[in-house]
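Good morning, and thank you for coming. Please look at the sequence and the structure on the screen, and we shall go through them together.

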Amino acid sequence: MGNEVQLLKHWRELTPQKQQKVLQFVELLKSESETTHPESDFVPQTPLAKKLWSIRQ
């Protein structure tokens, strides 16, 4: 059974309030994936970390 089929099966069992919570959660996941860039927030602190970071970049 595909993920979409499973999702719809469970979706139909939810109350309208819980369906709304699921939609809000999905929107949150979408916005996180579009705005979250964990690498851009990283600042190496030690000389070794700085060297490894420069190699990685």
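Is V26 buried, partly exposed or exposed? With a relative accessibility of 36%, V26 counts as partly exposed, because that value falls between the limits of 20% and 50%. We shall return to this residue shortly.

Please keep in mind that the model before you is predicted. Its average pLDDT is 85, and 86% of the residues score at least 70. Confidence is highest in helix α1, residues 3-13, with a mean of 92. Confidence is lowest in helix α3, residues 38-41, where the mean is 64. Where pLDDT is low, one should not read the predicted coordinates in detail.

Let me now describe the overall fold. The protein contains 4 helices and 0 strands, and from the N terminus onward the order of its elements is α-α-α-α. It has 57 residues, of which 5% count as buried. The exposed area is about 5,500 Å², and 60% of that area is supplied by carbon and sulfur atoms.

We turn next to helix α2. This helix covers residues 16-35, and V26 lies within it. Together with F25, L28 and L29, V26 makes a nonpolar surface patch of about 350 Å².

Which residue forms a salt bridge with K30? The partner is E27, and the closest N and O atoms of the pair are 3.9 Å apart. The pair counts as a salt bridge because the distance is within 4 Å. By this rule, the count comes to 1 salt bridge. K30 and E27 are 3 residues apart in helix α2, so about one helical turn separates them. As for their surroundings, K30 is partly exposed, at 42% relative accessibility. E27 is also partly exposed, with a relative accessible area of 47%.

Helix α2 also holds Q19. A polar atom of the Q19 side chain lies 3.0 Å from the backbone oxygen of W11. If we leave aside neighbours within four places in sequence, Q19 is in contact with W11 and L14.

Finally, let us consider the loop between α3 and α4. Helix α4 spans residues 47-56, and V43 is found in the loop before it. P44 has its place in the loop between α3 and α4 as well.

Is V43 buried or exposed? V43 counts as exposed, because its relative accessibility of 55% is over 50%. And what of P44: is that residue buried or exposed? P44 is buried, because its relative accessible area of 15% is under 20%.

Which residues does P44 contact, apart from its neighbours within four places in sequence? They are A49, K50 and W53. Distances along the backbone add to this picture. P44 and S54 are 10 residues apart along the chain, and their C-alpha atoms are separated by 9.5 Å. V43 and W53 are likewise 10 residues apart in sequence, with 8.8 Å between their C-alpha atoms.

To conclude, I would ask you to remember two places in this predicted model. In helix α2, K30 and E27 form a salt bridge. In the loop between α3 and α4, P44 is in contact with residues including W53. Thank you for your attention.

Notes. Residues numbered from 1 in each chain as written. Predicted model: local features only at pLDDT ≥ 70, side-chain atom pairs only at ≥ 80, totals over all residues. Heavy atoms only, no water. Helix = DSSP H or I, 4+ residues; strand = E, 2+ residues; numbered from the N terminus. Buried < 20%, exposed > 50% of the residue type's maximum accessible area, 1.4 Å probe, protein only. Areas by Shrake-Rupley, 256 points an atom, 1.4 Å probe, with all protein chains shown as cover. Patch = residues over 30% accessible without salt bridge, like charges linked within 9 Å, V, L, I, M, F, W, Y side chains within 5 Å. Salt bridge = Lys/Arg side-chain N within 4 Å of Asp/Glu carboxyl O. Polar contact = N/O pair within 3.5 Å; in protein donor to acceptor, adjacent residues only side chain to side chain. Contact = heavy atoms within 4.5 Å. pLDDT = per-residue confidence, 0-100.
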